[in-house]
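The following exercises invite the reader to examine a molecular model step by step. Each task is followed by a worked solution.

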Number of protein chains: 6
Amino acid sequence: MPVIIVESNKLDVDKKREYVKNLTKLTAETYGLPENTVTIIIRENEAENIGVAGNLLSELEE
Amino acid sequence: MPVIIVESNKLDVDKKREYVKNLTKLTAETYGLPENTVTIIIRENEAENIGVAGNLLSELEE
Amino acid sequence: MPVIIVESNKLDVDKKREYVKNLTKLTAETYGLPENTVTIIIRENEAENIGVAGNLLSELEE
Amino acid sequence: MPVIIVESNKLDVDKKREYVKNLTKLTAETYGLPENTVTIIIRENEAENIGVAGNLLSELEE
Amino acid sequence: MPVIIVESNKLDVDKKREYVKNLTKLTAETYGLPENTVTIIIRENEAENIGVAGNLLSELEE
Amino acid sequence: MPVIIVESNKLDVDKKREYVKNLTKLTAETYGLPENTVTIIIRENEAENIGVAGNLLSELEE
């Protein structure tokens, strides 16, 4: 039943596919559970909705 | 003050309305609190942002 | 794959059992998915870790 | 390493900028940590994805 | 209905009280909503459950 | 700024150390960011606070 929520900015679909494959494998091995018990949610936040060190990420990127 | 976050894929607005009504009632009864203390957030994730058993949900659906 | 996180205060185990049963049924029906795709996490927060209307819940309860 | 997730509805970018600045300052002071350790994520939920007191927020606003 | 979840390590109760008061005020002003619509959850994670830059926080603190 | 929250049951500290190291590396490579931008929170939920397929995990384990 591990559930993993990843909060970050945009990611292209090929990277998502690779990441989900590898993160599921790593998590299943760590917890000693079958891979089909692992659920992952990738959250792609807008840069203007992320604050780092007091600034919006959208402004740090300008 | 119960706060409930539901992570899933798309849902049409009529189902959301029914779900929020019934989930609020169930939660208020369970905790012995008035219905106006219950907040629900429904998160509609893209299928390519959900990983199940090592695969993107968008590919399992193909 | 619906994942539901419930944030609230303490709940006794009999109520948790009932709640998980009913919430799973309601969610499976809403999304048109089998019950074994639903995962629920109940978070029992200390009253001093909950803020409501600017006050700690632990002080409102005194 | 404080991470703060704010769930609410829409907010314009000038308010986000002010909020992130002030929330970072408040959090850094509270925890006695430098401001560059604070990460904030602002979640702008659609009104039809928020349930309050058993109703969709989108219907309460009508 | 703003809901704010703060993930960090331990905090003493006097700091929690001050933080909840000030964070509620800041959030209510930002969103133009009354203070009694704001809910805050403070999560005090064990240092061995926090990973920073590839290390457990419990080991960085040693 | 990737922030990863892992919801599961208990894990011993040696496994946490390995997991955080490997998950940080995987995430930094995926997003093309330095490892010191990755924060991980491991949540160890009690089995009686996890619902799977309509049952408490604590009862499935009995």
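**Exercise 1: The surroundings of one loop residue**

Leaving aside residues up to four places away in sequence, F:Asn45 touches C:Ile41, C:Arg43, F:Glu7, F:Ser8, F:Asn9 and F:Ile50. The model is a predicted one. Determine where F:Asn45 is placed in chain F, whether F:Asn45 is buried or exposed, and which side chain F:Asn45 meets in a polar contact.

*Solution.*
Step 1. F:Asn45 lies in the loop that connects strand 2 (39-44) with strand 3 (50-52) of chain F.
Step 2. The relative accessible area of F:Asn45 is 6%. Because buried means under 20%, F:Asn45 counts as buried.
Step 3. The contacts of F:Asn45 include C:Ile41 and C:Arg43 of chain C. With one of them, C:Arg43, the side chain of F:Asn45 makes a polar contact at 3.5 Å.

**Exercise 2: A helix of chain A**

Describe helix 1 (residues 13-31) of chain A by its length, its start, its buried residues and the residue that follows it.

*Solution.*
Step 1. Helix 1 of chain A comprises 19 residues, and 27 Å separate its first C-alpha from its last. This is close to the 27 Å expected at 1.5 Å a residue.
Step 2. At the start of the helix, a side-chain oxygen of A:Asp12 comes to within 3.0 Å of the backbone nitrogen of A:Asp14.
Step 3. Several residues of this helix are buried, among them A:Tyr19, A:Val20, A:Leu23, A:Leu26 and A:Tyr31. Lys16 of chain A (A:Lys16) is also on the buried list, as are A:Thr24 and A:Thr27.
Step 4. After the helix comes A:Gly32, which has a positive phi near 65°.

**Exercise 3: The open sheet**

Give the order of strands in the open sheet of eight strands. Which strands stand at its edges?

*Solution.*
Step 1. The order is 4(A)-3(A)-2(D)-1(D)-1(E)-2(E)-3(C)-4(C), and the pairing is mixed.
Step 2. The edges are formed by strand 4 (55-56) of chain A and strand 4 (55-56) of chain C. Each has a single partner strand, so one side of each lacks a neighbour in the sheet.
Step 3. Strand 3 (residues 50-52) of chain A and strand 2 (residues 39-44) of chain D run antiparallel and are joined by three bridges. Across this pairing, A:Val52 stands opposite D:Thr39.
Step 4. Helix 1 (residues 13-31) of chain D lies across strands of chain A, chain D and chain E, at about 140° to strand 2 of chain D. Helix 1 (residues 13-31) of chain E also packs on the sheet, touching strands of chain C, chain D and chain E, and its direction makes about 140° with that of strand 2 of chain E.

**Exercise 4: A buried strand**

How many residues of strand 1 (residues 3-8) of chain F are buried, and which strands pair with this strand?

*Solution.*
Step 1. Six of the six residues are buried, and the strand is mostly covered.
Step 2. F:Val3, F:Ile5 and F:Glu7 point one way, whereas F:Ile4, F:Val6 and F:Ser8 point the other way.
Step 3. Five bridges link the strand to strand 1 (residues 3-8) of chain A in an antiparallel arrangement. In this pairing, A:Val6 stands opposite F:Ile4.
Step 4. Six bridges link strand 1 of chain F to strand 2 of chain F, and these two run parallel. There, F:Val6 has F:Ile42 as its bridge partner.

**Exercise 5: Relations between copies**

Which axis relates chain A to chain F, and which relates chain E to chain C?

*Solution.*
Step 1. A turn of 180° with a shift of 0.0 Å along the axis lays chain A on chain F, with an RMSD of 0.0 Å. This is therefore the relation of a two-fold axis.
Step 2. In chain A, the C-alpha nearest this axis belongs to A:Ile5, at 2.6 Å. Both copies use the same surface: 100% of the contact residues of chain A recur in chain F.
Step 3. Chain E is superposed on chain C by a rotation of 120° with 0.0 Å of shift along the axis (RMSD 0.0 Å). This is therefore the relation of a three-fold axis.
Step 4. These copies use different surfaces, as 6% of the contact residues of chain E recur in chain C.

Note on methods
Residues numbered from 1 in each chain as written. Chains lettered and ligands numbered in written order. Predicted model: local features only at pLDDT ≥ 70, side-chain atom pairs only at ≥ 80, totals over all residues. Heavy atoms only, no water. Helix = DSSP H or I, 4+ residues; strand = E, 2+ residues; numbered from the N terminus. Expected span 1.5 Å × (residues − 1). Buried < 20%, exposed > 50% of the residue type's maximum accessible area, 1.4 Å probe, protein only. Polar contact = N/O pair within 3.5 Å; in protein donor to acceptor, adjacent residues only side chain to side chain. Contact = heavy atoms within 4.5 Å. Least-squares fit on C-alpha atoms with pLDDT ≥ 70 in both. Pairing = 2+ DSSP bridges. Axes fitted to C-alpha atoms, helices over the stretch in contact; angles between N-to-C directions.
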